[in-house]
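Please work through the following exercises with the sequence and the model at hand. Each task is followed by a solution in steps.

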Amino acid sequence: QKQIRLKNRPLGTPTHEDFQIVEAPIEKPSKGEILIRTVYISVDPYLRGRMNDVKSYIPPFGLNEVISSGVIGQVVESQSALFAKGDVVLGILGWQEYSIAKETSIRKIDQNLAPASAFLSVLGMTGLTAYFGLLDIGKPKEGETVVVSGAAGAVGSIVGQIAKIKGARVVGIAGSDEKVKFIIDELGFDAAINYNTQDVGTALQETCPNGIDVYFENVGGQISDSIFPLLNNFARIPVCGAISSYNNEKADIGPRVQAYLIKTSSLMQGFTVGNYSSRFGEGAKELGSWLKEGKLKYEETLTEGFDHTIDAFLDLFKGANLGKSLIKVAEI
Ligand code: NDP
C-alpha cells in the first residue's frame, strides 16, 4: 500500500517536495484493533500548522511521519467485538490506503442519515466548527449583519447558511466570481464580495449599510483589516482561522485593532472546534435536521485517487475548492 509522509518542514507555501509517497506493508490487526480500507480523506488548512515544529493545541507531525487527518473507511478485518467487516467508520487516520486503528479511536457512521462523505464535511469537523463558532461566540440575532470570509469553503459556506437560518443578513467574502455566484444563488447569501477583484473596504461599506454585528474570521490578513472600521457596538468576532497567514515566513503585522474593539465594546474570541467535543452530538443532530428539512445545503470538491491527495491539500491555499475538499480513494 501507499503512504504519504512528511519529508521536509515546508518553508512558506508547501510543495510536493515536502512530502514523500512510500510503499509500506498492510499490517495485521491485533486484539482490539481493526484494519480499515481508506475511502475518503479530508484535507484541511490546519494541517499546514502541524507541519511546523511549533507548540500548538495539537502536536506537530514528526519528520517522516505519515500525515493524518479525518478519514472515512470501511472495515476489512476486525479483532474487536465492536466492529464488523463492512462497517463504515470515521477516525483520525493516516494518509495511506489501509490503516490499523484501536477500537476506541474510531466510530461507526450511519449512512442512513447522510452519505458517508458528509461525516467529514457538514456533519463532521468543519460543519461543527461553523455551528459552534457562530452560535456560541457569534450569537447572530434576527436582522443583524453577519460577514464571513472564506465564505465558499467548508466552514464558511455552513456559517453563512446557519446565520440565514437565524434570520441574519449575510455577506460572504470569497476569491472568485464563481464562488460569489454560488454563495448567493445556491446558498442564499444576501451579498458577496470577490476579494481578488474588488476593494474589500469599499464593497463592505456598500453591502453592510447598517454596519457589521458578527464577523466570522477564516482568513485574517488584509480582508480582516477591512472589517474593523465597520463594527457595530457589541459586535462579536469568532476567530476560527487565518489561512492567509499560514504560509507566511515572517509575522504579518496588521493595523492595531484594540481601539476598534474598545470603542464598540466588541468581543473577539479565538476557538478550536475541540473545545466543543462534549457537545458534538448536539451540533450534529441539529445540522442533520436542517439538512433533512432542506434548510442547509453542502458542497464537496471530490478529488479522485489517493495519488492526488497532496495536490488537493496544496490546492486549499490556491482556493481551488468549493465547499469541503475531500479525496475519494475507493468506493464503499
Ligand atoms: P476551506 O474549505 O475554506 O478552504 C480554504 C479556502 O481558503 C480556499 O478555498 C480559499 O478560498 C481560501 N484561501 C486560501 N488562501 C487564502 C488567502 N491567502 N486569503 C484569503 N482566502 C484564502 O477550508 P476550511 O473551511 O476547512 O477552513 C477555513 C478556515 O477555518 C481555515 O482558516 C481553517 O484553518 C479554519 N478552521 C478552524 C478550525 C478551528 O477549530 N478553529 C476548524 C476547521 C477549520 P478563496 O477562493 O475564497 O480564496
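**Exercise 1. The ligand shell**

In this predicted model, 32 residues surround the ligand, and the closest are Gly153, Ala154, Gly175, Gly241 and Gly319. Determine which elements give two or more residues to the shell around the ligand, and how its residues divide into nonpolar, polar and charged.

*Solution.* Begin with the elements: helix H2 (125-138), helix H3 (154-165) and helix H6 (221-225) each give two or more residues to the shell. Next, consider the shares: H3 supplies the largest, with three residues. Finally, sort the shell by residue class: 15 residues are nonpolar, 15 are polar and two are charged.

**Exercise 2. Position relative to the domains**

Explain why the ligand lies between domain 1 and domain 2.

*Solution.* Domain 1 comprises 2-120 + 299-328, and domain 2 comprises 125-274. Both domains give residues to the shell around the ligand, and therefore the ligand lies between them.

**Exercise 3. Packing of two helices**

Classify the packing of H2 against H3 from its angle, and state whether the crossing is left-handed or right-handed.

*Solution.* The two helices pack at an angle of about 45 degrees, and their axes are 8 Å apart. Angles under 35 degrees would count as roughly parallel, and 65 to 115 as roughly perpendicular; H2 is therefore oblique to H3. The crossing of H2 and H3 is right-handed.

**Exercise 4. Annotated spans**

Establish the helix and strand content of residues 12-327 and of residues 113-134.

*Solution.* An unreviewed UniProt entry places "domain: Enoyl reductase (ER)" at residues 12-327; this span is 26% helix and 26% strand. For "transmembrane region", UniProt (unreviewed entry) lists residues 113-134; that span is 45% helix and 0% strand, with its end C-alpha atoms 24 Å apart.

Methods
Residues are numbered from 1 along each chain as its sequence is written. This is a predicted model: local features need pLDDT of at least 70, side-chain atom pairs count only at pLDDT 80 or more; totals for chains, interfaces and linings use all residues. A residue is near a molecule or strand if its C-beta atom, placed from the backbone, lies within 6 Å of it. Helices (H or I, at least four residues) and strands (E, at least two) are DSSP runs, numbered from the N terminus. Ala, Val, Leu, Ile, Met, Phe, Trp, Tyr, Cys and Pro count as nonpolar, Asp, Glu, Lys and Arg as charged, and the others, Gly among them, as polar. Domain bounds come from an automatic or database domain assignment. UniProt positions are given in the numbering used here, feature names are shortened, and annotations may be inferred rather than shown by experiment. Axes are lines fitted to C-alpha atoms, for helices over the stretch in contact, and angles run from 0 to 180 degrees between N-to-C directions. Angles under 35 degrees count as roughly parallel, over 145 as roughly antiparallel, 65 to 115 as roughly perpendicular and the rest as oblique. A crossing is left-handed if the near helix is turned anticlockwise from the far one by less than a right angle, and right-handed if clockwise.
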